[in-house]
Amino acid sequence: MVVLEVKNIGKHFGSTRVLDDVSFELEEGNALAIIGSSGSGKTTLLRCLNFLETPNHGSIIVRGETLFDADDPIKGQEKDLRTKRLHFGMVFQAFHLFPQYTALENVTLAEKLLAQERPDFKQRKKEILEEIEVHGKSLLEQMGLAERMEHYPHQLSGGQQQRVAIARALALKPDILCFDEPTSALDPELTGEVLKVIRGLAEQHTTMIIVTHEMSFARDVADQIIFMDEGVIVEQGDPKQVIDHPREERTRQFLTKY
C-alpha cells in the first residue's frame, strides 16, 4: 500500500530554486534513504513534508488524503497545520529536547497536550495520563533508555538525547517517521547506537524517510534510495544498484567521495 505520494514539489526562496518538480512514492513499511551533497535540497524536502515550509507548487498525499495542493487554496490553508503534521514524526539533527523536562516528560508532553482535547479527558484524566506514561516508558525501553527516563537532557550523551528524540517522534504514532541526518551532530563513537535503533525500526517495518550521509547504512537498511542534486532527483531505485552500480554520472561523482 502506498502511504505517501509526493507530486511535483517545488520550492524557491526568492530567485533561488531549492526543489524542482520532486516526485516519489513510499510504500507502507518501507524505508527510503535520501542522499546527496549539502545544499541539494534534502532537508528542505523534509521540511516541506512536515509543513515547516510551504511548497510553491505540487501536492502531498498521505493514505489517499491530499494534505497539500498548491493549486487548491483550501489544501494550502494553515488552519489544519497541526493535524497535517501529525502524519509525520520528525527527528532533527540537533535533538531539540526541552531542557527543563526529563527524558520521559519530553516523550509524553505532546501526547498529554493532545489528550486534553479528548471529549472524555475530564472523566478519565487519571487513567488517560497513566496510559500515556506507560506508552512513553515503553518507547524509552525500546530505545535502550530504561535507566535514563528521569534524567534531564544535560545528563544524557548526544546518542542518548537523539534516542529520546526518536521516542518522542514515535509517541504520536505517525504514518511516516522522518530523520534529518540523525547522526551528523554526534561523535563517531555515538553514531552506532543511533543507527542501531534506526536499523531496528526498519526491521519492524516502520515507514521511514532518512536523510543521511551514512552510505553503507543507507545501502543496507533502505528499501529505496533517492540521490538528489541541485534540487532535483537525479537517480532513484534499489539501494545496492544506486550505491554500487549508479547509472548517472552525477551519482558516480558524488559517491566517489565515500
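Let's start with R47. Leaving aside neighbours within four places in sequence, R47 is in contact with L52 and E53. R47 sits in helix α1. With a relative accessible area of 28%, R47 is partly exposed. Keep in mind that this is a predicted model. One distance to note here: the C-alpha atoms of R47 and F95 are separated by 15 Å, and the two residues are 48 apart along the chain.

Stay on α1, which covers residues 42-49. K42 belongs to this helix too. Is K42 buried or exposed? K42 counts as buried, because its relative accessibility is 3% and the cut-off for buried is under 20%. R47, at 28%, is partly exposed. So what does the side chain of K42 find in there? A polar atom of that side chain lies 3.0 Å from the backbone oxygen of S37. And the wider surroundings? Leaving aside neighbours within four places in sequence, K42 is in contact with I34, I35, G36, S37, E181, V211, H213 and M228.

Pick E181 out of that list. E181 lies in the loop between β7 and α6. E181 is buried, with a relative accessible area of 11%. The backbone of E181 deserves a look as well: phi is positive, about 45°, although E181 is not a glycine.

F51 also has a positive phi, near 60°, and is a residue other than glycine. F51 is found in the loop between α1 and β4. At 7% relative accessibility, F51 counts as buried.

Now the strands. Go to β3, residues 31-35. How many of the residues of β3 are buried? Five of the five, so the strand is largely enclosed by the rest of the structure. In a regular strand, side chains alternate between the two faces of the sheet. Look at β3 with that in mind. A31, A33 and I35 are on one side, L32 and I34 are on the other, and all are buried. Both faces of β3 are covered.

What does β3 pair with? There is β8, in the parallel sense, over four bridges. A31 stands opposite M208 in β8. There is also β9, residues 224-229, again parallel and over four bridges. Here A33 has I225 as its bridge partner.

Follow β9 onward. Five bridges join β9 to β10, residues 232-237, and these two run antiparallel. F227 stands opposite E235 in β10. β9 and β10 form a hairpin with two residues between them. In that turn, E230 has a positive phi of about 50°.

There is another hairpin at the start of the chain. β1 covers residues 2-13 and β2 covers residues 16-27, and they pair antiparallel over eight bridges. F13 has T16 in β2 as its bridge partner. Two residues lie between the strands, and G14 in the turn has a positive phi of about 65°. β1 also pairs with β4, residues 57-62: five bridges, antiparallel. V6 stands opposite I60 in β4.

On to the cores. How many residues are in the largest nonpolar core? There are 34, and those with the most contacts inside it are L140, I166, F179 and M208. The elements giving two or more residues to this core are α3, α4, α5, β7, α6, β8 and α7. M208 we have met already, opposite A31. Take I166 next. Not counting residues up to four places away in sequence, I166 touches V91, M143, F179, V194, V197, I198 and L201. A second, separate core has 28 residues, including L32, C48, L49 and I60. L32 is the β3 residue we saw on one of the buried faces, and I60 is the β4 partner of V6.

Last stop, helix α3. This helix has 13 residues, 103-115, and reaches 19 Å from first C-alpha to last, close to the 18 Å expected at 1.5 Å a residue. Where does α3 bend? At L109, by about 40°. The buried residues of α3 are A103, L104, N106, V107, T108, E111 and A115. What covers them includes α4, residues 121-142, and α5, residues 158-171. Both α4 and α5 are among the contributors to the largest nonpolar core, as is α3.

Technical notes. Residues numbered from 1 in each chain as written. Predicted model: local features only at pLDDT ≥ 70, side-chain atom pairs only at ≥ 80, totals over all residues. Heavy atoms only, no water. Expected span 1.5 Å × (residues − 1). Bend = angle between axes of the 7 residues up to and from the residue. Buried < 20%, exposed > 50% of the residue type's maximum accessible area, 1.4 Å probe, protein only. Contact = heavy atoms within 4.5 Å. Core = buried A, V, L, I, M, F, W, Y, C linked by side-chain atoms within 4.5 Å. Pairing = 2+ DSSP bridges. Polar contact = N/O pair within 3.5 Å; in protein donor to acceptor, adjacent residues only side chain to side chain.
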